[in-house]
Amino acid sequence: MPDQRHESASALRRGHTLDPAKVVELYDSLTGLLGRKYFFHLVNNEIEKCRSEHSRLALVIIDIVGFRRVNLATGLDAGDAVLCETGRRLRGALRGCDSVARLGNGEFAALLPSMISEDHPTLAINKLLSAFQEPFEVAGLNLNIDLRFGVALFPDTCANTDQLVRHATLALLHATERGRPFSVYYGGAVDTDLADYAHALELRSAVEQNQLILHYQPKWDVEKKKIAAAEALVRWPHRDHGLIGPSKFIPVAEEGNLIRPLTSWVINEAVRQCAAWHGEGLKLEISANVSAKLLHDPELLEIVKNALDIWSLPPEYLTLEVTETAIMQYREEGTEILNQLAHLGVLVSIDDFGTGYSSFAYLCDLPVKELKIDKSIVNSMRGNTDKETVLRTIIDLGHNLGLLVTAEGVEDEEKYRSLEQLGCDIVQGYHISPPLTAKHLTSLVRTGSTLAD
Ligand code: C2E
Ligand code: CA
Ligand code: CA
């Protein structure tokens, strides 16, 4: 069993105010390493020392990967043996001046003073990693034990103990999330990553606790002069940042494996709302956006089927909008999933059309019902005859393929009139109405008034 009592003696020699009678409580009784309280006391003192000596230290927070599973699989005694051996190897791989502690369960920490350079901790971690290459022989088993390390440096990226601990912990979470053995908190890019990570954690709980909301933007039927449908657009009402738009958090959801539960919630909620409108006598259609990532997820079909089933909405009232870029990105898997959705009776729309590089021959083979011209093309139209020709060509192309053509991002009367003349079927944009709450959209449909009147 490693013994670090000499460290407490030297700590005391360095003028720390510890009661020697209590020293025995300051160690972890199982591993003999420093206990949590004493360890952080040392961190505080070493930080003070760094301040006066202008030196640098690293704090490493260490986690045994899947320790609970090890405990479950091998029993508590073997779990204890794993902890002791982990402590022994950590202690053995580090320098005499480094301190090692057990913080709790499968969590350890190391304090590395006198770091020479920013990459010094990386060298130390590599040494630690090689100490764990040999399997553990425990309870007659050969166990491969993996560790994860989160590192933060004082004074480089932290001003005090609290920050140091927080940043090392964030680095550990970051490494765990990305399946890497270790991560060093350097601020900058890692900072953004970590901000994303914290964001992803919050977003996960917002999704799980049904805290997202949908706004609905009307789709205006140019010929019938009425709101024919609504597009569901997700928003995140955030405690500190107000209403966050999807462009900010959809990429976070995609990165953090949250896009499936998020889309499942959106589709279910949009279908529920549409069925509720039908119940009130408003026969609107509903559109929902589907991220590229889900175009190769076979679960999408189940998600859609379940939502339609639960709320008894006929499938032809639901349109799924998929961007042109997503379709081209996942040509093979995408086509199969789109075919299955079409078979179910759901409509498919090509969103942001004109921003990607699709092959028309390929688009002809897809079970698509709507072409949505991207707002960048619609908005570049003003007073530019070339652009108007592009628009006319897209509208004619859509019609020749038997598709419904929608223009999005229509912001003024002039554009609306041009699109009407060009034969565009559906128009969407601030000129008709911005995205609204379900309640506001209901009253807009009931009164029949929009800016386009
Ligand atoms: P999108 O599908 O192209 O949606 C249209 C975006 O343009 C919406 O932004 C809408 O508020 C905005 N918009 C509407 N009318 C106008 C206009 O007249 N002018 C201008 N400049 N903009 C207008 P929003 O709500 O911020 O959504 C941004 C994007 O986020 C959407 O683009 C869509 O790709 C994505 N998104 C929204 N909801 C979801 C969702 O539930 N799931 C997924 N995967 N993506 C979503
Ligand atoms: Ca859309
Ligand atoms: Ca769009």
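Which residue bridges the calcium ion (ligand 3) and the calcium ion (ligand 2)? In this predicted model, that residue is Asp 351, and the two ions it joins lie 4.1 Å apart. Before looking at the two metal sites in turn, it helps to take a quick look at the chain around them.

The protein chain is built from 17 helices and 16 strands. Its C-alpha atoms fit in a box of roughly 90 × 50 × 40 Å along the principal axes. The radius of gyration is 30 Å, whereas a compact globule of 453 residues would come in near 22 Å. Even so, 51% of the 453 residues count as buried. Sequence-distant contacts are plentiful: taking contacts between residues at least 6 apart in sequence, 67% join residues at least 24 apart. On the outside, the chain exposes about 21,600 Å², with carbon and sulfur atoms supplying 51% of that area. As for charge, there are 45 positive and 62 negative ones, and their mean positions sit 5 Å from each other.

Now to the metals. Around the calcium ion (ligand 2), the donors are Glu 231 (OE), Asn 289 (OD1), Glu 321 (OE) and Asp 351 (OD), at 2.1 to 2.3 Å. Read along the sequence, these donor residues follow the pattern E-x57-N-x31-E-x29-D. Distant parts of the chain are linked here: Glu 231 belongs to strand β9 (residues 226–238) and Asp 351 to strand β13 (residues 347–353), 120 residues apart. Is Glu 231 buried or exposed? With a relative accessible area of 5%, Glu 231 is buried. Asp 351 also has a relative accessibility of 5%, so it falls under the 20% cut-off and counts as buried.

The calcium ion (ligand 3) is held by Asp 351 (OD), Asp 352 (OD) and Glu 408, the last listed twice through OE, at 2.2 to 2.5 Å. The spacing of its donors along the chain is D-D-x55-E. Asp 351 lies in strand β13, while Glu 408 sits in the loop between β15 (404–407) and α16 (413–422), so this pair ties together parts that are 57 residues apart in sequence. Glu 408 counts as buried because its relative accessibility is 8%, under the 20% limit.

Taken together, the two sites meet at Asp 351, which bridges both calcium ions. From this residue in β13, one link runs to Glu 231 in β9, and another runs to Glu 408 in the loop between β15 and α16.

Technical notes: Residues numbered from 1 in each chain as written. Chains lettered and ligands numbered in written order. Predicted model: local features only at pLDDT ≥ 70, side-chain atom pairs only at ≥ 80, totals over all residues. Heavy atoms only, no water. Helix = DSSP H or I, 4+ residues; strand = E, 2+ residues; numbered from the N terminus. Rg over C-alpha atoms; globule rule 2.2 N^0.38 Å. Buried < 20%, exposed > 50% of the residue type's maximum accessible area, 1.4 Å probe, protein only. Contact = heavy atoms within 4.5 Å. Areas by Shrake-Rupley, 256 points an atom, 1.4 Å probe, with all protein chains shown as cover. Lys, Arg positive; Asp, Glu negative; His and termini not counted. Charge placed at Lys NZ, Arg CZ, Asp CG, Glu CD. Donors = N, O, S within 2.8 Å, 3.2 Å for Na, K, Ca; no water.
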